[in-house]
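I wanted to see how the chains of this model meet and where the charged side chains pair up. These are my notes, in the order I looked things up.

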Amino acid sequence: MTIPAIVGAGLVVIGVGIGIGQIGGKAMEAIARQPESYGKIQTAMLIAAALIEGIGFAALFAVQ
Amino acid sequence: MQRKILVRLLLIFIFIAPLSVSAKDDTGNKDKKTEIKEYIDHHLKDSHDFSLYSYTGDDGQHHYVGFSLPVILWSDGLHVFASGKFHHGEEVVESNGKYFKLYHSKIYETDASGTINYDEEHHATNAKPLDLSITKSVFMIIITGLLMFFLFRGLARTYGKNNGIPSGIGRFFEPIVLYIRDDIARPNIGEKKYRKYMPFLLTVFFFIWFLNIFGLTPLGVNVTGNIAITTALALLTFFITNFTGTKDYWKHIFDPLGDSMPWIAKIPLYIILIPIEVLGIFIKPFSLLIRLYANMQAGHIVLMSLIGLMFIFKNWIGSPLSFGLAFAISLIEILVALLQAYIFTMLSALYFGFAAEDHDHAEAHEGEIQHL
Amino acid sequence: MGLLDEFSLGLFFWQTLLFLLLLFLLRKYAWKPILNAVNDREQGIKDALAAAENAKKEMENLQADNEKLLKEARAERDAMLKEARELKAKMISDAKDEAKAEGDKMIANAQAAIQSEKKAALADIKTQVASLSVEIAEKVVKEELSNKDKQLKLVETMLGDATLN
């Protein structure tokens, strides 16, 4: 485990955090705008967040 | 209502925390930090015996409270013996003329004196037998399976007795079953085909949820945080998805553009598109298994590290602080236990939905492209 | 790699085996009965709701029928009342007309009778006047004719009248 790899993984995790934060925030806005489409928005949000999360895990395990 | 829940959670935590803590209340000669690290490492791994806690007695010896589990090995013949014979890695076991030693939660074949050879990175190079032991995790899977079977068999029976209305604990579980049917299976798979997938979705949801919750109890099992478990679960999702895939599902992978373009124009696109789609088939279950594994593993590491911090600080400021943090993380972990089970079930249902895609959906899709 | 090192084939084997076993057992003994019971219950609730809806509709229909019948009855009563009223008015007016006609007829008769009486009386008076005139004339004439001059004078006057005519 080298320092650059760990820093790189950290950067990826920051990116993933920002990404998931964006998805969550936008989903909230969308729900606020259209509360009746709550279910659909939530599903789409979870899928997108799950995909991004996968990249984060990939980075973490690559370092490990 | 909310206060009631809080009180209950508090009670749960009171049961969890002291027991987990007592497990590592053990002052040896080793450095405290290394010891805690080792303890966490040990906790995260599967083990061959079910130890509730260990302590160092007045005589300086390690004492383990727990019970042995059967070890089943295949190495030029079947070897079955109780895990207690290993004495927690301290002794070499002889079975049918072969010698086995437990080293870092793994069983290695050794000579009679139990020599372990190492490579330059300090990894053991001894031969490993095929280990089919009933380990702690397998034991917990059996317990969870039995619990689930009797719980839901009981729930099914109350319907017959009580004229279609559940009673007792079923009143708690029935809405969850209905939630999985109405909010996970139906919208994602479709009204026509969801029935076929319901047993798997229900079983996988309750299995993961119960094991996640067990992971938070003082039993200290980390079953769903084990890559082999999540791989097995994700592989089932993978096989069900691809074996129930309709013609449209495969068409979507190998001919995603359909008739919207002449075949000659599709070739350069397909050189890129088809590998991505095919890769997607494998990435989907892979992300499922990594997500569940990593979430549970990370939760356990954080929780145990915070509990370990209490023993490193050992003062009136640091220890209560880490206790408070550990408490908060425990509450979050209870939520995560449910959330991860939900996500796994939800994404499985979503993948099944892709696989069970109906023709009219594909037609609508094509119409959309033509419209554009 | 750490992950592959951690992967335990034995655990994987047991997990797959036990999970599949659990899946099949639960499917047979738990999920099917539970989902069937829930479906039956939901179907029952749906049916009951539909039945209630039907009953409500039927009730509404019945009420509408009742309303209609009531309306019809009321209209019929009104029509009958109106007819009776008209009949009454007609009868009254008929009676009035008849009475009037009768009265007119009686008056006419009376007038005719009066007329004829009057005629008869006039005729009688005329005859009496005539006879009286004749008697008077006789007496006058007798007196006149007893005197020759007077007779001639008369003839002359008469003739004079006659020429005037």
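**Entry 1. A pair within chain B**

With which residue does B:Arg186 form a salt bridge, and how far apart are the closest N and O atoms? I found B:Asp182 as the partner, with the closest N and O atoms 3.1 Å apart. I counted a salt bridge where a side-chain nitrogen of Lys or Arg lies within 4 Å of a carboxyl oxygen of Asp or Glu.

Before going on, I noted the ground rules. This is a predicted model, where local features need pLDDT of at least 70 and side-chain atom pairs count only at pLDDT 80 or more, while totals for chains, interfaces and linings use all residues. Residues are numbered from 1 along each chain as its sequence is written, chains are lettered from A and ligands numbered from 1 in the order in which they are written, and side-chain values use heavy atoms, with hydrogens and water left out.

I then placed the pair. B:Arg186 and B:Asp182 both sit in helix α4 of chain B, four residues apart, about one turn of the helix. Helices are DSSP runs of H or I with at least four residues, strands are runs of E with at least two, and both are numbered from the N terminus. An α-helix has 3.6 residues a turn, so residues three or four places apart point the same way.

I checked accessibility next. B:Arg186 is partly exposed at a relative accessible area of 23%. B:Asp182 is also partly exposed, at 29%. My cut-offs were under 20% relative accessible area for buried, over 50% for exposed, and partly exposed in between (1.4 Å probe, protein chains only).

**Entry 2. The network**

B:Arg186 has another partner. Its side chain meets that of B:Glu191 in a salt bridge of 3.2 Å, N to O. B:Glu191 counts as exposed, at 52% relative accessibility. I followed the links outward: B:Arg181, B:Asp182, B:Arg186, B:Glu191 and C:Glu42 belong to a network of salt bridges. Over all chains the count is six salt bridges.

**Entry 3. Helix α4 of chain B**

I looked along α4(B). The helix bends by about 25 degrees at B:Arg181. I took the bend as the angle between axes fitted to the seven residues ending at a residue and the seven starting there. Buried residues in α4(B) include B:Phe173, B:Glu174, B:Ile180, B:Arg181 and B:Ile184. Just after α4(B), B:Gly190 takes a positive phi of about 110 degrees.

For the chain around this helix, I logged 10 helices and eight strands. Buried residues make up 48% of the 372 residues in chain B.

**Entry 4. Chain B against chain C**

How many residues does each chain give to the contact between chain B and chain C? Chain B gives 50 residues and chain C gives 32, with contact meaning heavy atoms within 4.5 Å. Together the two chains bury about 3,500 Å², 76% of it on carbon and sulfur atoms. That is the accessible area (1.4 Å probe) that two parts lose on being put together, summed over both. B:Phe149, B:Arg181 and B:Thr203 supply 14% of the area that chain B buries here, more than any other three residues.

I counted two salt bridges between chain B and chain C. One joins B:Glu174 and C:Arg41 at 2.8 Å, N to O. B:Glu174 is buried, with 8% relative accessible area. C:Arg41 is partly exposed at 23%.

On the chain B side, α3(B) gives the largest share, 12 residues. That side divides into 33 nonpolar, nine polar and eight charged residues. Ala, Val, Leu, Ile, Met, Phe, Trp, Tyr, Cys and Pro count as nonpolar, Asp, Glu, Lys and Arg as charged, and the others, Gly among them, as polar.

**Entry 5. Chain A against chain B**

I turned to the other contact. Chain A gives nine residues and chain B gives 11. The two bury about 880 Å² between them, 75% of it on carbon and sulfur atoms. In chain A, the most area is lost by A:Leu46, A:Phe57 and A:Phe61, together 48% of what that side buries. I found zero salt bridges across this interface. The chain A side divides into six nonpolar, two polar and one charged.
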